[in-house]
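Reader: Please take me through this chain, from its overall make-up to its sheets, its helix packing and two single residues.

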Amino acid sequence: MSIARLARHLGLSEGTISRALNNYPDIAEKTRERVQKAARDLGYRPSSSARRLARGVIETIGFVLPTCRTQHSDPFLAEILNGLASELARHDWDLLVSAVPEGQDEIEVIDRLVSSGKVGGFVIARTYRQDARVDYLRQSDVPFVVQGRTDDPSDYSWLDIDNEQAFVDAVTYLRGLGHRKIACLGGDPKMNFAWQRRCGYLRAMAQQGGHIGVGYLIDGITDAVSAKNATAHLLSISKSDRPTALLCVTDAVAIGAMQALNGAGLTVGRDMSVMGFDGLPIGLAVQPALTTLHQDSYEIGREAGRMVLELCTSSATSPSPSPRQTLWQAKLTPRASVNPPGTSPAQQNQGG
């Protein structure tokens, strides 16, 4: 089915059919309804290239993978991409994922995609506190949505988890179980989510009378390998001052810490409680099951898709659509890796 065949079927010009399908205001409402009903009944589906030309919108969203190699296999990032791609597909938009070639940075790749006219908008993830990608896109005419925030998030659209409050909640939960000596394996402090979680840990420990011993706070832990090394350092602390609970910046870091504890002959949840952040499915596969601060990364990706689509479509009629800013709360999910000090993991707590 084509516009020409629709025109012959309805006895209208091809121009009228095209303008009715694209909701031009100069076409009478009854005519628009008649044309659109016939298009549905006869199975008409416009080609993406024709629709893009008609609307003046490039129906492709760009996503540039972060340059850090460890983040290319980041399961949280993979879930966001899955949700983002699914939401865009529901609206017949495409997702263009680009890697950063060796010798280039993310700004160069973003600039190339903008200059080539291949994308109508961007989604940015894993933001730094000072992020050159956000600064570049602020100056461009391309709509964009940020998963996360920077230090100054006032003038662009973003979707984030309340990371600082989540770690306050985590410390509160651990303190309620009787833990006073709580260590923290933090991420890269230049990453805003890691900085916010670090701030939440320090604030809650100060307010709730927790004990931060020498070496309890270790920054720069980004994967399971560095987590195992950091946990080995914590185990070198004299037993009288050793932490009884370990709060980790991500689930991947928490699982690395659990491996180190198991390797040292200790029991996770009895000799040291461990809590992660992300709510990844693998947290249910480890033994004991991982207590975590759950964020639905797939749904975060879908919501980012909805937000960027709204910006892209509204920018066609409004030169400066208002930014949308959304803050979600993480859900503390207790499992068997966290117990009162000296208590063995309860079998019934090992589920989700």
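The exchange below goes from the whole chain to its parts.

Author: This is a predicted model, in which local features need pLDDT of at least 70 and side-chain atom pairs count only at pLDDT 80 or more, while totals for chains, interfaces and linings use all residues. Residues are numbered from 1 along each chain as its sequence is written, and side-chain values use heavy atoms, with hydrogens and water left out.

Reader: How many helices and strands does the protein chain have, and what does its C-alpha trace span along the principal axes?

Author: Helices (H or I, at least four residues) and strands (E, at least two) are taken as DSSP runs, numbered from the N terminus. On that basis the protein chain has 13 helices and twelve strands. Along the principal axes its C-alpha trace spans about 90 × 45 × 35 Å.

Reader: What share of the contacts in the protein chain with a separation of 6 or more comes from residues 24 or more positions apart?

Author: Contact here means heavy atoms within 4.5 Å. Among contacts with a separation of 6 or more, the share from residues 24 or more positions apart is 67%.

Reader: Which strands stand at the edges of the open sheet that has parallel pairing?

Author: Two strands pair if DSSP finds at least two bridges between them, and this open sheet of six strands has the order β2-β1-β3-β4-β5-β11. At the edges each strand has a single partner, so one side of each is left without a neighbour in the sheet; these are β2 (94–98) and β11 (325–328). The twist from one strand to the next averages 15°, and the edge strands asked for are β2 and β11.

Reader: Which residue in β4 is the bridge partner of Ile 124?

Author: Strand β3 (residues 121–125) and strand β4 (residues 144–147) run parallel and are joined by four bridges. In β4, the bridge partner of Ile 124 is Val 146.

Reader: In the sheet with mixed pairing, which residue in β12 is the bridge partner of His 294?

Author: This second open sheet has six strands in the order β7-β6-β8-β9-β10-β12, and β7 and β12 (331–333) stand at its edges, each with a single partner strand. Parallel pairs include β8 (residues 245–248) with β9 (residues 273–278), joined by three bridges, and β9 with β10, joined by four. Three bridges join β10 to β12, which run antiparallel, and the partner of His 294 in β12 is Lys 331.

Reader: What angle does the direction of helix α12 make with that of β9?

Author: Among the bridge partners of the two parallel strands β8 and β9 are Leu 246 and, in β9, Val 274. Helix α9 packs on the sheet, touching β6 (182–185), β8, β9, β10 (291–294) and β12, and its direction makes about 160° with that of β9. Helix α12 (residues 251–263) also packs on the sheet, touching β6, β8, β9 and β10, and its direction makes an angle with that of β9 of about 155°.

Reader: Is α9 parallel or oblique to α10?

Author: Axes are lines fitted to C-alpha atoms, for helices over the stretch in contact, and angles run from 0 to 180 degrees between N-to-C directions. The axes of helix α9 (residues 163–176) and helix α10 (residues 192–207) come within 7 Å and cross at roughly 40°. Angles under 35 degrees count as roughly parallel, over 145 as roughly antiparallel, 65 to 115 as roughly perpendicular and the rest as oblique, which makes α9, relative to α10, oblique.

Reader: Which residues of α8 make the contact with α7?

Author: Helix α7 (residues 106–116) and helix α8 (residues 132–139) pack at an angle of about 25°, with their axes 9 Å apart, so α7 is roughly parallel to α8. From α7 the contact is made by Glu 106, Ile 107, Ile 110, Asp 111 and Val 114, and from α8 by Ala 132, Arg 133, Tyr 136 and Leu 137.

Reader: Is Ser 157 buried or exposed?

Author: Ser 157 lies in strand β5 (residues 157–161), and its side chain reaches the backbone nitrogen of Arg 324 at 2.8 Å. Buried means under 20% relative accessible area, exposed over 50% and partly exposed in between (1.4 Å probe, protein chains only). Ser 157 has a relative accessible area of 3% and is therefore buried.

Reader: What is the relative accessible area of Gly 220?

Author: Gly 220 lies in the loop between β7 (217–218) and α11 (224–235). Leaving aside neighbours within four places in sequence, Gly 220 is in contact with Gly 186, Gly 187, Asp 188 and Pro 189. Gly 220 is partly exposed, with a relative accessible area of 39%.

Note on methods:
Polar contact = N/O pair within 3.5 Å; in protein donor to acceptor, adjacent residues only side chain to side chain.
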